[in-house]
Amino acid sequence: RIIRILAPLRTLVFSILVTLKSLLWAMFLLLLIIYVVAVLIVQSVTTYRADLLSDQTVVSELEDFFRDLPRAMWTLLQTISGGVNWREVGVPLNAMSAWTGCC
């Protein structure tokens, strides 16, 4: 009787273990995309920050979200997962450049 109960459980556990490989590759791909986009945004923010004519209120808002690469990656992850509204992050990016605002 216990064998009849454990057979479906064994199948379920095996199925979960088989799908973990796909899950890990999907997470790796997502992390890679977040990394590349964060590098591009941090590079743009750093260039904008170095400009003497840049608006200091926009610079301070950008530094809150994109001061360095780990913070930028964390901000992008939060916008994807719903932790931060994309509008809060997108407004200073759009004020910096139309290219970064639309992407």
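## Exercises on a helical chain

Leaving aside neighbours within four places in sequence, T75 is in contact with F65, F66 and V89. The model is predicted. Start with this residue, then move outwards.

**Exercise 1. Place T75 in the chain and decide whether it is buried or exposed.**

Step 1: Find the element. T75 sits in helix α3, which covers residues 69–81.

Step 2: Take the cut-off. A residue is buried under 20% relative accessible area and exposed over 50%.

Step 3: Compare. The relative accessible area of T75 is 0%, so T75 is buried.

**Exercise 2. Find which backbone atom the side chain of T75 reaches.**

Step 1: Recall the contacts. F65 is one of the residues that T75 touches.

Step 2: Name the atom. The side chain of T75 reaches the backbone oxygen of F65, at 2.8 Å.

Step 3: Check the limit. A polar contact needs a pair of N or O atoms within 3.5 Å.

**Exercise 3. Describe the surroundings of S54.**

Step 1: Locate S54. The residue lies in the loop between α1 (2–50) and α2 (56–66).

Step 2: Judge the exposure. Its relative accessibility is 7%, so S54 counts as buried.

Step 3: List the contacts. Not counting residues up to four places away in sequence, S54 touches Y48, R49 and V59.

Step 4: Relate S54 to V89, a contact of T75. S54 and V89 are 35 residues apart along the chain. Their C-alpha atoms are separated by 18 Å.

**Exercise 4. Work out why the chain is described as more spread out than a compact globule.**

Step 1: Count the elements. There are five helices and zero strands. From the N terminus, the order is α-α-α-α-α.

Step 2: Compare two radii. The radius of gyration is 21 Å, well over the 13 Å that the globule rule gives for 103 residues, so the chain is more spread out than a compact globule.

Step 3: Look at the box. Along the principal axes, the C-alpha atoms fill roughly 75 × 20 × 20 Å.

**Exercise 5. Summarise burial, contacts, surface and charge for the chain.**

Step 1: Burial. Of the 103 residues, 24% are buried.

Step 2: Contacts. Take those between residues at least 6 apart in sequence; 57% of them join residues at least 24 apart.

Step 3: Surface. The chain exposes about 7700 Å², with 69% supplied by carbon and sulfur atoms.

Step 4: Charge. There are 8 positive and 7 negative side chains. The centres of the two sets lie 30 Å apart.

How values were computed
Residues are numbered from 1 along each chain as its sequence is written. This is a predicted model: local features need pLDDT of at least 70, side-chain atom pairs count only at pLDDT 80 or more; totals for chains, interfaces and linings use all residues. Side-chain values use heavy atoms; hydrogens and water are left out. Helices (H or I, at least four residues) and strands (E, at least two) are DSSP runs, numbered from the N terminus. The radius of gyration is taken over C-alpha atoms; the globule rule is 2.2 Å times the number of residues to the power 0.38. Buried means under 20% relative accessible area, exposed over 50%, partly exposed in between (1.4 Å probe, protein chains only). Contact means heavy atoms within 4.5 Å. Accessible areas come from the Shrake-Rupley method with a 1.4 Å probe; for residues, only the protein chains shown count as cover. Lys and Arg count as positive and Asp and Glu as negative; His and the chain ends are not counted. The place of a charge is taken as NZ of Lys, CZ of Arg, CG of Asp or CD of Glu. A polar contact is a pair of N or O atoms within 3.5 Å; within protein, one must be able to donate a hydrogen and the other to accept it, and residues adjacent in sequence count only if both atoms are side-chain atoms.
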